Amino acid sequence: MDEGAGTGQEPAPADAALKGLCPRCGANTLFRSYLAFADRCRACGLDFSAFNVGDGPVVFLTLGIGTIVTILALILELAAEPPFWLHALLWIPLTLGLVIVSLRYTKALLLALEYKNAAREGRLRRDT
């Protein structure tokens, strides 16, 4: 299948995230680089810049992965009492690596869910 060719149907959000697919047509056009979204889908023209993923993925990943790494560091500390430098050598690269590897998927998932649910920025309406 051509990189720009879609399936003609909307992929599930998880599939779109895992494979970098356009949430509208299923073409493999969501990213222009590892973490940067393309401006628009080359197959169907969906404007990806209209979606606001923001800092959500980074926050979710930092809190989730940070919690897991903290628990593992505490377990290691209580079990073996390694020196501080070993903790730094283990946990800092592990945390950064997991966040960076997971960030592409999380950003794509939030964009696909925003598209699927037609989520938009909240607006206050004043009735007069």
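Here are some worked exercises on a predicted model of a single chain.

**Exercise 1. The overall layout**

Work out how many helices and strands the chain has, and what pattern they follow along the sequence.

*Solution.* Start with the secondary structure: there are three helices and zero strands. Reading along the sequence then gives α-α-α. Helix 1 covers 13–19 and helix 2 covers 56–80, while helix 3 takes in residues 84–116.

Next, look at burial. The chain has 128 residues, and 30% of them count as buried. Its accessible surface comes to about 8,600 Å², with 61% of that belonging to carbon and sulfur atoms.

Finally, check the contacts. Taking those with a separation of 6 or more, 48% are between residues 24 or more positions apart.

**Exercise 2. The two cysteines**

Explain why C22 is not bonded to the closest cysteine sulfur.

*Solution.* First find the partner: the closest cysteine sulfur to that of C22 sits in C44, 3.7 Å away. Then hold that up against the cut-off, which asks for sulfur atoms within 2.5 Å. The gap is too far for a bond, so C22 stays unpaired with C44. Seen from the other side, C44 is in no disulfide either, with the sulfur of C22 as its nearest cysteine sulfur. A search of the whole structure agrees, finding zero disulfides.

How do the surroundings look? C22 is buried because its relative accessibility is 0%. C44, at 28%, counts as partly exposed.

**Exercise 3. A charged pair**

Find the residue that forms a salt bridge with R32, and say whether R32 is buried or exposed.

*Solution.* Side chains of opposite charge can pair when their charged atoms come close. For R32 the partner is D39, and the closest N and O atoms are 3.6 Å apart. That passes, since the cut-off is within 4 Å. The count for the structure is one salt bridge.

Now the accessibility step. R32 has a relative accessible area of 58%, so it is exposed. D39 has 53%, so it counts as exposed too.

**Exercise 4. Ring geometry**

Classify the aromatic pairs F31–F37 and F51–Y115 as stacked or edge-to-face.

*Solution.* A pair of aromatic rings is described by the distance of the centres and the angle of the planes. The count to work through is two aromatic pairs.

Take F31 and F37 to begin with: the centres are 5.2 Å apart and the planes meet at 20°, so call this pair stacked. Both F31 and F37 are buried.

Move on to F51 and Y115. Here the centres are 6.2 Å apart with the planes at 65°, so this pair is edge-to-face. It also links distant parts of the chain, because F51 is in the loop between helix 1 and helix 2 while Y115 is in helix 3, 64 residues apart. F51 and Y115 are both buried.

**Exercise 5. Around F37**

Determine where F37 is found and which residues F37 touches, leaving out those up to four places away in sequence.

*Solution.* Place it first: F37 is in the loop between helix 1 and helix 2. With a relative accessibility of 16%, F37 counts as buried. Now list the neighbours: L30, F31, R32, V53, K107, A108 and L111. So that the picture joins up, recall that F31 is the stacked ring partner of F37, and that R32 forms a salt bridge with D39.

For a backbone distance, try G20: its C-alpha atom is 9.3 Å from that of F37, with their positions 17 residues apart along the chain.

**Exercise 6. Two sites on helix 3**

Decide whether T106 and I92 are buried or exposed.

*Solution.* T106 lies in helix 3. Its relative accessibility is 13%, so T106 counts as buried. Beyond its sequence neighbours, T106 touches P57 and L61.

I92 lies in helix 3 as well. At 52%, I92 counts as exposed. I92 also belongs to a nonpolar surface patch of about 500 Å², made with Y34, L96, I100 and V101.

**Exercise 7. A backbone oddity**

State what phi E81 has and where E81 is placed.

*Solution.* Most residues other than glycine have a negative phi. E81 is not a glycine, yet its phi is positive, at about 45°. E81 is in the loop between helix 2 and helix 3. With a relative accessible area of 61%, E81 is exposed.

How values were computed: Residues numbered from 1 in each chain as written. Predicted model: local features only at pLDDT ≥ 70, side-chain atom pairs only at ≥ 80, totals over all residues. Heavy atoms only, no water. Buried < 20%, exposed > 50% of the residue type's maximum accessible area, 1.4 Å probe, protein only. Salt bridge = Lys/Arg side-chain N within 4 Å of Asp/Glu carboxyl O. Helix = DSSP H or I, 4+ residues; strand = E, 2+ residues; numbered from the N terminus. Contact = heavy atoms within 4.5 Å. Patch = residues over 30% accessible without salt bridge, like charges linked within 9 Å, V, L, I, M, F, W, Y side chains within 5 Å. Areas by Shrake-Rupley, 256 points an atom, 1.4 Å probe, with all protein chains shown as cover. Phe/Tyr/Trp six-rings, centres within 6.5 Å; stacked < 30°, edge-to-face > 60°.
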